[in-house]
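Visitor: I would like a close look at one part of this model, the second largest cavity, and then at how the rest of the chain is put together. Which elements supply the lining, and what else is there to see?

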Amino acid sequence: MDQTHAAMTHHHASGTASRRLLARVRDIMAGSGTGQDRLDKIVTLIKVEMQADVCSCYVMRAGEVLELFATEGLNKDAVHKTRLRVGEGIVGDIAATARAIALDDAPSHPNFAYRPETGEDPFQSLSGVPILRGGRVRGVLVIQHKTRRLYAEDEIETLQTIAMVVAELVAAGELVSPNEVFSPGDVALLPTRLSGVSLSAGLSNGTAVVHRPQLTIRQMVADDADRELERLSEAITAMHVAIDELLARTTLAGLGEPRDILETYRMFAEDRGWLSRIREAIHMGLTAEAAVQQVQNDNRARMSHLTDPYIRERVLDLDDLTNRLLLHLAGKRPDGEAASLPDEIVLVARSMGPAELLDYDHRRLRALILEEGTPSSHVCIVARALDIPVVQCTDALNRIEPLDPLIVDGDNGQVFVRPAEDIQMAYVKSMEMRTQREQMYAEVRALPSLTRDGAPISIQLNCGLVIDLPHLHASGAEGIGLYRTEIPFMVRSTYPDVDTQTALYRRILDEAGDKPVIFRTLDVGGDKVLPYLAGGEEENPALGWRAIRIGLDHPMLLRQQLRALLRAAGGRTLSVMFPMVAEVAELEAARHILGLEVSHALAHGFEPPSRLRVGAMIEVPSLLFQLPALLPRVDFVSVGSNDLTQYLFASDRGNPRTANRYDPLSPAVLSMLRRLVEACNEAEVPLSICGEMAGRPLDAMALIGIGFRTLSMAPPSVGPVKSMLRSLDVAALRQYMAGLYHCPDHSLRTKLRAFAKDHGVLI
């Protein structure tokens, strides 16, 4: 009891001291003088109040250089002379990682950089925090002591809070012109092209709207904590109501996973841990706004070094919620300025949460440009549901000004900023050609999927979201050759139970009607991380613990998924495909688990599927050497060409240096696939291919020439591939390709393109 009382007394005392210091900082900020004068007073105050021997402030200058702007305790002559690069010394390390540091023996730190002009020889201990504004490091605030000492957590929190105040001073341009640090130079006014990464396909144009949700916090310190807690409670209630209204919008009706994402987001908005930390910061003397911002700064600092995709999504969701809560504290709604926005909006943002995107009128949204994002990020899934092209460009906010005219090419990952007249004319022409192609593809949708010489080719879809299902009927595809079941698992914070999975799979089968669906069991691991299935970091995740390996090591996960699939398919055909099978023994183990679940379903009175088909994906080359043992044990096989070619060439497709080094239209790949086609034909086992090759017209032409008769692809590829095959004479192609398999060429692409041109094949 005595220890608890002492701890509470210390916490109360430190909170009182912190509030007193913050109140005095507020007085300095409200006083007269230049920005430099106020910064000098702040470092002097910190030194005295925190009983430090030194307090220094470094500010970011152009070229990622940190300049000593103010100090009390070091040599004053070093001010504006001492400079450190980001990553240089302990101060540079703080800026590079955007994380606070507390050291009781600073000189022994591997990044310690001695600068004799500062006179810092005798200082043993150091604590420093980044000065953050708008997600960027604007400087570093440091205290030092001559003696060796441990810094308490509340001391670091106090420094972080004062750093927020200094950040406002920097952001206001009173110390360094904002244009100096972040100006891209005179080229900003000229037309330019930004190269990025395509996150969602499409072509569009519009006017730049820079999404800067962060509000300027005018008051950092509060005298009445109870009143601030009351304001926080009111804002939280208003935010929850607004999110509920967002979920109720008809825009989201039937969107499946995007709606699930927002439901999860709504639950995240009620997270007790997040809210309790904000309340603790208010008790320390901050206003509600400053408390919300400090907690988010701390979250970002703690999570910034983590690469887990799930953690990155949580950071983005917290950014979104922080901005939303700040708006409600300011008495504003997130969509309050919608009337003043242009009719054709191209959003430009560092990052976004899914709810932030939906704050904008989707009828006016033309495209989205992000500095941070991945194809599986929540905002990209929602954008694809709304058919909005998305491009990720790392320097977008520095290169694009508000109201700049933009052309966004989501197909090729390009953004044209202030496009010149020739680019604008090319865009208009591209849109006209795109419209003509779409009309042509629409005309062939209802036509038979037959080659010019009468060979039937089955075109099927690759899907992974409920929102993809309308394409099944609109595209004229004959079925779903690959349904990726993992995406709904990736957007949830917990493993979905059997009932949830059953409802999802039943809906997919209902939507498909009489068209076949092949469900691939959970293919996670590698770059597809589940937050509730920690496998630890791997040096080469593509060759690591993933797909069927996880299912066999955690059979209950696989059993629950198979149980849901069997229940959903009661009375109907169920086709299940196991991914990344490396040996027949793995397939046998998976089939055994499936057999257990069939028995379980019958024992519990569930109607079994009318027909159960079991298949394997050909992705690991070792399985090609076991075809005599494999083919009698499966009802069908499907080639996953993306991974198969990666493993065949020992070439990481995620590595820019090797991703395009080898061509799938090489003699090695085509010869390997031809032998597979021959083996499957002899065993009378249906064969399909569901990798990216199947969706590229020239590659698909080669696959048909080899002997593939079922191609599964993304919905946008159906029109181009169907137009190609209807113009193709397969007999002539097979005769031509017979002389290519033993060529020593790196790639056969040029020869195949020449054949297509000579024979009028539409590629």
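Guide: In this predicted model, the lining of the second largest cavity draws at least two residues each from strand E5 (125-133), helix H4 (153-171) and helix H9 (288-303). Among these, H9 gives the most, with four residues. The lining has ten residues, and those nearest the centre of the cavity are Pro130, Leu132, Gln160, Asn297 and Asp298. By type, the lining divides into six nonpolar residues, three polar and one charged. The space inside the second largest cavity is about 100 Å³. The structure holds seven cavities of 30 Å³ or more. Such spaces can be located in a simple way: rolling a probe the size of a water molecule over the atoms shows where empty space is left.

Two of the elements just named, H4 and E5, also help to place a salt bridge. Arginine 148 and aspartate 104 meet through their side chains, at 3.6 Å from N to O. Arginine 148 sits in the loop between strand E6 (136-145) and H4, while aspartate 104 sits in the loop between strand E4 (101-103) and E5; the two are 44 residues apart, and the pair links distant parts of the chain. Arginine 148 counts as exposed because its relative accessibility is 54%, and the cut-off for exposed is over 50%. Aspartate 104, at 28%, is partly exposed.

This is one of 25 salt bridges in the structure. Side chains of opposite charge can pair when their charged atoms come close. A second example is local. Arginine 227 bridges to glutamate 230, with the closest N and O atoms 3.4 Å apart. Both residues belong to helix H6 (residues 225-248), where they are three residues apart, about one turn of the helix. An α-helix has 3.6 residues a turn, so residues three or four places apart point the same way. Arginine 227 is partly exposed at 36% relative accessible area, and glutamate 230 is partly exposed at 43%.

A third bridge joins arginine 696 to aspartate 699, the closest N and O atoms being 3.1 Å apart. Here the two partners fall into separate classes: arginine 696 is partly exposed at 32%, whereas aspartate 699 is buried, with a relative accessible area of 1%. Both take part in a network of salt bridges that links Asp663, Glu692, Arg696, Asp699 and Arg749.

Aspartate 699 leads on to helix H24, since it is one of the buried residues of that helix. H24 (residues 697-706) is mostly covered, with ten of its ten residues buried. Among them are Pro697, Leu698, Met701, Leu703 and Ile706. The buried residues of H24 pack against four helices, H23 (667-683), H25 (718-726), H26 (730-737) and H27 (749-758), and against the strands E21 (687-689) and E22 (710-713). After H24 comes glycine 707, with a positive phi near 135 degrees.

Met701 of H24 also appears in the largest nonpolar core. That core has 87 residues, and those that touch the most other members are Phe578, Leu630, Met701, Phe708, Leu711 and Leu752. Leaving aside residues up to four places away in sequence, leucine 630 touches Val584, Leu587, Ala616, Ile618, Leu623 and Val637. A second, separate core has 58 residues, including Leu22, Cys55, Ala235 and Val292.

Two loop residues are worth a look for their backbone angles. Most residues other than glycine have a negative phi, and most peptide bonds are trans. Histidine 80 is not a glycine, but its phi is positive, about 65 degrees. Histidine 80 lies in the loop between strand E2 (65-72) and strand E3 (83-85), and at 36% relative accessibility it is partly exposed. Arginine 418 also has a positive phi, near 45 degrees. Its place is the loop between strand E14 (414-417) and helix H14 (421-445). Arginine 418 counts as buried because its relative accessibility is 13%, and buried means under 20%.

Last, the chain as a whole. The chain contains 27 helices and 22 strands. Of its 763 residues, 54% count as buried. Among contacts with a separation of 6 or more, 67% are between residues 24 or more positions apart.

Methods. Residues numbered from 1 in each chain as written. Predicted model: local features only at pLDDT ≥ 70, side-chain atom pairs only at ≥ 80, totals over all residues. Heavy atoms only, no water. 1 Å grid on protein atoms, 1.4 Å probe; cavity = no way out; pocket = protein on both sides within 12 Å on 5 of 7 lines; lining within 4 Å. Points joined across faces, edges and corners; volume = space filled by probe spheres on them. Nonpolar A, V, L, I, M, F, W, Y, C, P; charged D, E, K, R; others polar. Core = buried A, V, L, I, M, F, W, Y, C linked by side-chain atoms within 4.5 Å. Buried < 20%, exposed > 50% of the residue type's maximum accessible area, 1.4 Å probe, protein only. Contact = heavy atoms within 4.5 Å. Salt bridge = Lys/Arg side-chain N within 4 Å of Asp/Glu carboxyl O.
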